Amino acid sequence: MSLRRGIKIYDRHIQDIKNQISINSGVGPVKNTDSEIEYYNNAYLPNMDWRCLTDSEYRKVSTADAGSRIFNTLGLGAIPEELQDLFEKLDLNDCESLFDIPKKFQENEKLTKQINDLLNVFLDEKSLQRKYKFHRIARSLPDMQSTTFHHIGQNTFKYTGLHIDKSDFYTPHTAHKSENRISINISKESRYLYFVNLTLRQIYGEIQKKYSEKITSDNIVEQFFKHYSEYPVLRLEIKPYQYYIAPTDNFIHDGTTLGNRGFDVTMVYVGIFDKY
């Protein structure tokens, strides 16, 4: 199954954005061979044969339309330099463990307030309705193939691999009505977003061709990869102080910190972000 048109990337004045996007040959099921990192039994991860996009592929996944709809657009940009400078002063790179990161914000109350004030100005510019709320500061270990996990009790975690978020109750037919989110990389290194550039409605239509049972938000990812494991995954580089805006309820995705040496820290807000 070759790359189709679906989710499009809109860049906010990012030079040479094509160089931040790569593509592979599809996915494979996870084999739980690492005793320290456990995945769900139905988890899938991208193949690691990444290459650059051709010009034709780039045209399929990019858009210059700043007014694109939020349900099928992935925006990429950079936060203002003044805000970047404040994060530099906070120096999260000084933290020795993931648990030290929230303490950094608490111990630097004045600086944190300055950051929050500028963040609110920035976020207001990204949401015409000014409808959004703070979700979390996401923290991940370096050199991880997948960054999304569920805490299942007693310091036990299971990683999901490629997945869809479930911010609200929805079906594959109503996921396009969900809100989107903004994720800001405040780390010292790039992080990467894996994603399949098809909306859930598109994926539903493809699965229907090969699967006769009921398709739900709980099984749509697994069934798509079972029947279309060769559909390519895209990998988008999110450089330090860059952000992405994405409809994470409406497309398959995951994060990765492979190759990084330091902690990965992102600030996440959810709502309606319609100014990329």
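## The sheet around β12

In this predicted model, strand β11, which spans residues 191-195, pairs with β12 in the antiparallel sense over five bridges, and within this pairing Leu 193 stands opposite Leu 236 in β12. Strand β12 itself covers residues 234-238, and four of its five residues are buried, so the strand is largely enclosed by the rest of the structure. Strand β2 also pairs with β12, here through three bridges and again in an antiparallel arrangement, with Ser 22 placed opposite Arg 235 of β12.

These pairings belong to an open sheet of five strands, whose order is β5-β2-β12-β11-β14 and whose pairing is antiparallel. The edges of the sheet are taken by β5 (51-52) and β14 (253-256), each of which has a single partner strand, so that one side of each is left without a neighbour in the sheet. At the β5 edge, two bridges join that strand to β2 (residues 21-23), the two running antiparallel, and Ile 23 has Arg 51 of β5 as its bridge partner.

## Cysteines

A search of the whole structure for disulfides finds zero. As for individual cysteines, Cys 52 is exposed, with a relative accessible area of 64%, whereas Cys 95 has a relative accessibility of 10% and counts as buried, because buried means under 20%. Cys 52 falls within the range of the edge strand β5 (51-52).

## The second largest pocket

The second largest pocket has a volume of about 230 Å³. It is lined by 13 residues, of which Val 30, Lys 31, Tyr 39, Leu 45 and Gln 145 are the closest to its centre. Two elements, β3 (27-29) and β4 (44-46), give two or more residues each to this lining. When the lining residues of the second largest pocket are sorted by class, seven are nonpolar, four are polar and two are charged.

## Helix α6 and its surroundings

Strands β3 and β4 appear again in the setting of helix α6, since what covers the buried residues of that helix includes β3, β4 and α5 (200-208). Helix α6 comprises residues 220-227, and its buried residues are Ile 220, Val 221, Gln 223, Phe 224 and Phe 225.

The loop between α5 and α6 contains Thr 216, which has a relative accessibility of 23% and therefore counts as partly exposed. Thr 216 is separated from Leu 98 by 118 residues in sequence and, from C-alpha to C-alpha, by 35 Å in space.

## Two loop residues with positive phi

Most residues other than glycine have a negative phi. Against that background, Arg 130 has a phi near 50°, a positive value in a residue other than glycine. Arg 130 is placed in the loop between α4 (109-126) and β7 (132-140), and its relative accessible area of 59% makes this residue exposed.

A positive phi is also found at Asp 143, where the value is near 60° and the residue is likewise other than glycine. Asp 143 lies in the loop that runs between β7 and β8 (149-153); with a relative accessibility of 47%, Asp 143 counts as partly exposed. Strand β7 thus borders both of these loops, the one holding Arg 130 and the one holding Asp 143.

Technical notes
Residues are numbered from 1 along each chain as its sequence is written. This is a predicted model: local features need pLDDT of at least 70, side-chain atom pairs count only at pLDDT 80 or more; totals for chains, interfaces and linings use all residues. Side-chain values use heavy atoms; hydrogens and water are left out. A disulfide is a pair of cysteine sulfur atoms within 2.5 Å. Buried means under 20% relative accessible area, exposed over 50%, partly exposed in between (1.4 Å probe, protein chains only). Two strands pair if DSSP finds at least two bridges between them. On a 1 Å grid over the protein atoms alone, a cavity is a set of points where a 1.4 Å probe fits but cannot get out, and a pocket is an open set with protein on both sides within 12 Å along at least five of seven lines; lining residues have an atom within 4 Å of a point. Grid points are joined across faces, edges and corners, and a volume is the space filled by probe spheres set on the points. Ala, Val, Leu, Ile, Met, Phe, Trp, Tyr, Cys and Pro count as nonpolar, Asp, Glu, Lys and Arg as charged, and the others, Gly among them, as polar. Contact means heavy atoms within 4.5 Å.
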